[in-house]
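Here's a quick briefing to read with the 3D view open. Take a look at the structure first, then work through the points below.

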Amino acid sequence: MKKTRTRKQGSSIVVTLPGAEEVKLKSGKDYMVTYTQNGSIIMVPEITDPFRVAEPDAFYEADYWQDVPAAGKEEI
C-alpha cells in the first residue's frame, strides 16, 4: 500500500498521488470527488455525457419481450 500526505496550498488541501505502474494517471484529467463519512476520498474520472451528442436511436434496444405473455404479477 502506498502512502501520501496532505498539504495546504492557498485555501485548498492538496494530496499528491504516488505513481503506480498498473494505473495510467494523466496530468490535467478531471475527476469527480466524493468525501465519505468514514474519511475516505473517492475520485472517479469524469467522462463526457455520451447521450448529449448521440445520434437519434443510437441507444435504442428492440423490445424482444413484447410478444411474450405475462406469467405472473408483471401487469399493473
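Start with one pair of residues: Tyr35 sits opposite Ile41, which belongs to β4. Keep in mind that what you're looking at is a predicted model. From that pair we can move out to the hairpins, the largest pocket, and then a residue further along the chain.

**The β3–β4 hairpin**
- β3 and β4 run antiparallel, and five bridges join them.
- Together, β3 and β4 make a hairpin, with five residues sitting between the two strands.
- Look for Gly39 in that turn: its phi is positive, at about 95°.

**The β1–β2 hairpin**
- β1 and β2 also pair up in the antiparallel sense, this time over four bridges.
- They form a hairpin too, with two residues in between.
- Gly10 is in this turn, and its phi is positive at about 65°.
- Which residue in β2 is the bridge partner of Thr6? That's Val15.
- You can also find Arg7 standing opposite Val14 of β2.

**The largest pocket**
- Rolling a probe the size of a water molecule over the atoms is a way to show where empty space is left.
- Here, the largest pocket holds about 410 Å³ of space.
- Its lining includes Thr4, Arg5, Thr6, Ile13, Val14, Val15 and Leu17.
- Val33, Tyr35, Ile41 and Met43 are in the lining as well, so to spot part of it, go back to the opening pair, since Tyr35 stands opposite Ile41.
- Three elements each give two or more residues to this lining: β2 (12–15), β3 (31–35) and β4 (41–45).
- Which element gives the largest share of the lining? It's β2, with three residues.
- By type, the lining residues split into eight nonpolar, two polar and one charged.

**Phe59, after the last of these strands**
- Phe59 is found in the segment after β4.
- Why does Phe59 count as partly exposed? Its relative accessible area is 47%, and partly exposed covers the range between under 20% (buried) and over 50% (exposed).
- Setting aside neighbours within four places in sequence, Phe59 is in contact with Pro50, Phe51 and Ala54.
- Phe59 and Lys3 are 56 residues apart in sequence, and their C-alpha atoms are 42 Å apart in space.

**How confident is the prediction?**
- For the protein chain, the mean pLDDT is 85, and 97% of its residues reach 70 or more.
- In the chain, confidence is highest in strand β1 (residues 6–9), at 94, and lowest in β4, at a mean of 91.

Conventions: Residues numbered from 1 in each chain as written. Predicted model: local features only at pLDDT ≥ 70, side-chain atom pairs only at ≥ 80, totals over all residues. Heavy atoms only, no water. 1 Å grid on protein atoms, 1.4 Å probe; cavity = no way out; pocket = protein on both sides within 12 Å on 5 of 7 lines; lining within 4 Å. Points joined across faces, edges and corners; volume = space filled by probe spheres on them. Nonpolar A, V, L, I, M, F, W, Y, C, P; charged D, E, K, R; others polar. Buried < 20%, exposed > 50% of the residue type's maximum accessible area, 1.4 Å probe, protein only. Contact = heavy atoms within 4.5 Å. Pairing = 2+ DSSP bridges. pLDDT = per-residue confidence, 0-100.
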